[in-house]
Structures are given as C-alpha cells and as structure tokens.
Amino acid sequence: MAILRAHRGKHRPRALVVPLLAVSAAAALAVIWFLFFPPMLTSGFSLAPPAAAYASESEGSSGLERKYLYWGSRIDCPGKHCDYCAGLGHQESSLRCALEEALFLQRVFVMPSRMCINPLHNKKGILHQHSNTSSKERWAANSCPMDSLYDFDLFSSKVQVILDNSKMWYRILSTSMKLEESGVAHVEGVSRVDLKENTHYSNVLLINRTTNPLAWFMECKDRTNRSSVLLPYSFLPMLAARKLRDAADKIKGLLGDYDAIHVRRGDKIKTRKDQFGVIRTLHPHLDRDTRPEFIQQRIEKWIPAGRTLFIASNERSPGFFSPLSASDILDPVIENNYQLFMVERLVLVGARTFVKTFKVDEKDLSLTDDPKKNAKHWQVPIYTMEREGR
C-alpha cells in the first residue's frame with residue numbers, strides 16, 4: 001500500500017522504502033513499514049519452577065513487610081480464556097486493570113510469568129502444535145515469558161510487582177498458608193473499596209481474587225469516571241523490554257523527523273449479509289477511509305508533502321509486505337508478533353504527528369469518523385468520495 005501524493009512536476013515520485021521486518025504478512029496484526037512522502041486463579045495458585053527475582057524483590061528482604069494481590073496464573077484465567085486468549089491489547093487491558101487494583105490497595109501484584117499468544121496474532125514460529133503434547137507443553141509453546149515483553153525494573157516507579165515463578169512468591173505463598181486467617185483471603189465479587197477498608201481483607205498478607213469469568217478487565221468496566229483511572233493506556237506500552245526499546249530507537253533514528261499513521265483494516269473490516277442478502281458492516285466507512293486515495297485526502301491537512309511517513313498496518317493480503325522482508329534491526333530481536341507490535345507502538349508514539357485509525361480521545365487525529373466500538377448496528381458499507389461533515 002504505497003501511499004503517494006500526486007506529483008505535479010515532470011519527475012515521477014519515488015518511494016524510499018527501508019526494509020524493517022521478516023514476518024509473514026498473512027494474518028499478522030503488527031506489520032510495520034515506512035516510506036518517504038514525496039512532493040506528492042485456576043482453583044489454586046501458580047506453582048511454576050522458581051526463577052530469579054524481579055523489580056520489587058530487593059536483596060535481603062523477606063517480603064513479609066508488604067501485602068500482596070493475586071489474580072491468577074494466566075491473564076483472563078480462570079474463565080473462558082483459559083484454553084485460548086485474546087490479542088495483546090485485550091490482555092494488556094486486563095493486566096492494567098489488575099495493576100490498578102494493586103496500586104489502589106497499595107499491594108504488590110503477583111504477575112503471571114508468561115503471556116498467552118493467540119495463534120491468530122502470531123506467525124513468527126514459536127507456535128508448534130502437536131496433538132500428542134500435554135497441556136503444559138502446549139502452554140509453553142503458545143506463550144512467551146512476560147519479561148521478554150516488559151522491563152520489570154521500570155514497573156517499580158509506579159506499581160510494585162513480583163513474578164509468579166519467583167522465589168519471593170514461593171516464600172509469600174508458603175507463609176500465607178501458615179498464618180491461617182491472617183495469611184490469605186479468597187475473594188470474589190468484592191469491590192476494591194471493601195478490600196481496602198474492611199479489615200477482614202486489608203490486614204491479610206495475600207488477597208486471592210477470583211475475577212469476572214469473561215475477562216479480567218471486566219472488573220474495571222463500571223469505572224466511567226476517567227479521573228478514577230489510575231494507569232493510562234500508555235502505561236504498559238512504555239514499559240517495553242529493553243531490547244524492544246532499543247530496536248524502536250534504532251528505527252526512529254533511521255526515520256529522523258517523521259510522522260506516522262496506523263491503518264487498521266484486517267480485523268475490523270467484517271461483513272455479513274442480512275435477511276435480504278444485503279451486505280452490512282459495523283464500520284460502514286472504514287474500508288473506504290483506509291484505502292490509499294482516501295488516506296491521502298484525509299491526512300493532507302495534518303501532514304505536509306515531503307515528510308517521512310511511518311505506516312503501521314494489519315493488512316492481511318499474503319505477500320503484501322514481501323518487499324520489506326529483510327531486517328537487520330528486528331530479525332535478531334523479534335520472536336513473536338506481540339514483540340513486533342510493541343516495537344511498532346514505540347515508533348508510532350515517537351512521531352511528530354500521529355494519525356490513528358479510530359478516534360479514541362477527543363484530541364486524536366483519525367483516518368475515519370466511525371466509532372471504534374460498535375457491536376450491534378450493522379450498516380451498508382459506503383464507498384463514495386463524499387465525506388459527510390468532514
């Protein structure tokens with residue numbers, strides 16, 4: 001999808017394409033490329049093998065001077081997501097919800113040591129399915145270490161965490177079982193305010209919360225007051241592992257002074273036929289608004305000609321990005337598409353001007369005016385040139 005402005009001179013416009021990645025474009029949700037814009041808790045606790053300490057586990061500390069919060073051994077599990085998982089964004093929403101509660105309760109959060117990787121979101125080769133493998137083996141193959149995604153040394157500035165495969169967690173879990181009533185409280189359906197103010201909960205060493213079976217983030221769905229949100233959306237993306245931050249810095253160094261757009265198509269352009277055979281979609285303008293010619297018209301008022309443009313897309317056409325298949329920067333670093341997406345986000349937020357696909361906040365620049373969340377109203381797609389009220 002080379003997006004070029006019409007060039008009024010005698011010379012043909014040239015696209016300066018710098019290769020960035022080596023992943024299959026088919027079904028990939030995080031594909032990055034850029035061009036030069038020419039003058040145109042399961043029922044118990046996690047008991048993984050002990051690992052090295054992270055972040056909040058200071059040397060010589062027993063950990064018993066603090067209190068802990070445990071939500072489960074896997075994000076969104078127990079619940080419907082135990083056998084499969086959502087994409088990185090949804091899992092981060094759930095994780096951020098849990099971290100907010102730990103911050104509110106002034107407790108250390110017991111972080112799952114691995115994150116599930118949805119096969120639909122990954123084609124990078126770590127997923128190897130075999131019918132004769134055990135559940136634990138499939139989990140190991142379909143997940144990645146949490147510290148390969150995030151830098152836990154950065155967490156401590158905002159919220160304290162330990163991993164559930166750390167020696168500290170084993171020490172806390174063992175101690176909580178010996179302390180009886182003051183050791184652990186198993187809770188479900190209790191508000192965070194009650195957990196903080198009720199001494200039955202506030203004085204125990206460990207709170208073991210059973211969360212909403214739909215997803216962890218459902219525990220935060222009733223907080224419509226934005227002032228009550230303790231951690232912004234940008235919190236986890238900015239805590240990317242050092243090797244991912246270094247890769248993003250190298251890419252930004254190549255780009256120099258640049259702008260960026262995010263073109264989300266693949267998972268949002270869904271259609272179905274109604275009872276009369278008419279094709280309908282939840283985002284009637286999205287397919288149109290994310291086509292090259294419409295993108296050009298939309299962004300020309302924000303991004304002048306001659307600027308370097310970084311484009312992130314989830315276009316699913318096989319071979320679409322094959323010209324960009326070599327990458328000295330990313331090949332040694334990227335093991336799965338979640339890591340690739342995290343690098344992409346860091347590059348996007350480093351742009352002078354960033355145009356999103358959907359408007360999330362009032363000040364956002366966006367390619368379409370269709371609302372991002374629309375689960376019920378199916379409409380006829382619109383492909384005409386007119387942009388209503390734009």
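**Briefing: helix α3, the parallel sheet and the cysteines**

On the face of helix α3 that is turned away from its buried side sit the exposed residues K167, M177 and K178. The model is a predicted one, and the points below take up this helix, then the sheet, and then the cysteines. The sheet is open and consists of five strands paired in the parallel sense, while the cysteines form two disulfides.

**Helix α3**

- Helix α3 spans residues 167-178, twelve residues in total, and its first and last C-alpha atoms lie 17 Å apart, which is close to the 16 Å expected at 1.5 Å a residue.
- The buried residues of α3 are M168, W169, I172, L173, T175 and S176; they fall within an arc of only 165 degrees around the axis and therefore lie on the same side of the helix.
- The cover over these buried residues of α3 includes the strands β2, β3, β6, β7 and β8, whereas K167, M177 and K178, on the face turned away, are exposed.
- After α3 comes E180, which has a positive phi near 55 degrees.

**The parallel sheet**

- Across the open sheet the five strands follow the order β6-β3-β2-β8-β7, with parallel pairing.
- The edges of this sheet are formed by β6 (161-163) and β7 (184-188), each of which pairs on one side only.
- Between neighbouring strands of the sheet the average turn is 25 degrees, with direction ignored.
- Three bridges link strand β3 (residues 108-111) with β6 in the parallel sense, and V110 is the residue that stands opposite I162 of β6.
- Helix α1 lies across β2, β3, β6 and β8, and the direction in which it runs makes an angle of about 155 degrees with β3.

**The disulfide of C85 and C116**

- C85 and C116 are joined by a disulfide with an S to S distance of 2.1 Å, and this link is left-handed, with -75 degrees about the S-S bond.
- Because C85 is located in the loop between β2 (68-70) and α1 (88-105), and C116 in strand β4 (residues 114-116), this pair ties together parts that are 31 residues apart in sequence.
- Both cysteines of this pair, C85 and C116, are buried.

**The disulfide of C97 and C220**

- A disulfide is also formed by C97 and C220, whose sulfur atoms are 2.0 Å apart; this link is right-handed, with 100 degrees about the S-S bond.
- C97 belongs to helix α1 and C220 to the loop between β8 (206-210) and α6 (242-255), so the pair ties together parts that are 123 residues apart in sequence.
- C97 is buried, its relative accessible area being 2%, and C220 is likewise buried, with a relative accessible area of 12%.

**The cysteine C144**

- C144 takes part in no disulfide, and the nearest cysteine sulfur, which belongs to C116, is 9.1 Å away; a disulfide requires the two sulfur atoms to be within 2.5 Å.
- C144 has a relative accessible area of 2% and is thus buried, since the cut-off for a buried residue is under 20%.

Conventions. Residues numbered from 1 in each chain as written. Predicted model: local features only at pLDDT ≥ 70, side-chain atom pairs only at ≥ 80, totals over all residues. Heavy atoms only, no water. Helix = DSSP H or I, 4+ residues; strand = E, 2+ residues; numbered from the N terminus. Buried < 20%, exposed > 50% of the residue type's maximum accessible area, 1.4 Å probe, protein only. Pairing = 2+ DSSP bridges. Axes fitted to C-alpha atoms, helices over the stretch in contact; angles between N-to-C directions. Contact = heavy atoms within 4.5 Å. Expected span 1.5 Å × (residues − 1). Arc of directions from axis to C-beta.
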